[in-house]
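User: Let's go through this model step by step. Please keep the answers short.

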Amino acid sequence: MRLMKAIRARDPAVRSWLEILLYPGFWSMFFHRPCHFLYNRRLYFLARLVSQYARFVTGIEIHPGAQIGKGVFIDHGFGVVIGETCIIGDDVHIYHGVTLGGTGKEKGLRHPVIGDNVVIGAGALVLGRVHIGADAKIGAGAVVVSDVPEGGTVVGETARLVGCEASTRYEVEALRAKISELKTLIDG
């Protein structure tokens, strides 16, 4: 029910509750819950079988191992890919063509960790073991390979912070690096 409320609240095109039943994002979440349940009970083949059926029906590929919070809305979801060790918080809004994937270089947790209330624009790639802070926004087509701070907005093929907070955040990071460097010199 929370998912249906989230869809209704975030999509102005929804005219009725019944219309939500036609949304592939709704069905991808509907199928993911039992897939994840089966995956956690080590019934890997059965979990993948159901997830592959869901992928065929919706055009959205979610690995059964992915941990997905409540109220996650995949809008116009075709082409969305969510990797095995991905962790997604509550009330996240994901547009079509988004990949939350690995780089092939890490072991263990190798997919993104997405905080609560994040918006991920169409065609964005969030790759590797990166953390996206709560309330962050990722622009359409962005390629994110490093952490995004809470409330930050990133855009571009090599995602960079934008907005009035960006320059302040960069200055703070530069000061932290300088302090760390000075500590090393003092301790060394």
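User: Which element gives the most residues to the lining of the largest cavity?

Analyst: This is a predicted model. The elements that give two or more residues to that lining are α2 (24–40) and α3 (44–58). With four residues, the top contributor is α2.

User: How many cavities of 30 Å³ or more are there, and what is the volume of the largest cavity?

Analyst: The cut-off for the count is 30 Å³. One cavity passes it. The volume of the largest cavity is about 50 Å³.

User: Which class do most of the residues in the lining of the largest cavity belong to: nonpolar, polar or charged?

Analyst: The lining includes Phe-31, Cys-35, Ala-54, Ile-60 and Ile-62. Ser-28, His-32, Ser-51 and Arg-55 line the cavity too. By class, there are three polar residues, one charged residue and five nonpolar ones. The class asked for is nonpolar.

User: Now the sheet. Which strands stand at its edges?

Analyst: Six strands form an open sheet with mixed pairing. Their order is β3-β6-β9-β12-β14-β15. Each edge strand has a single partner, so one side of each is left without a neighbour in the sheet. Those strands are β3 (73–75) and β15 (160–161).

User: In what sense do β6 and β9 pair, parallel or antiparallel, and which residue in β9 does His-93 stand opposite?

Analyst: Strand β6 covers residues 93–95, and strand β9 covers residues 119–120. Two bridges join them in the parallel sense. Opposite His-93, in β9, stands Val-119.

Methods. Residues numbered from 1 in each chain as written. Predicted model: local features only at pLDDT ≥ 70, side-chain atom pairs only at ≥ 80, totals over all residues. Heavy atoms only, no water. 1 Å grid on protein atoms, 1.4 Å probe; cavity = no way out; pocket = protein on both sides within 12 Å on 5 of 7 lines; lining within 4 Å. Points joined across faces, edges and corners; volume = space filled by probe spheres on them. Nonpolar A, V, L, I, M, F, W, Y, C, P; charged D, E, K, R; others polar. Pairing = 2+ DSSP bridges.
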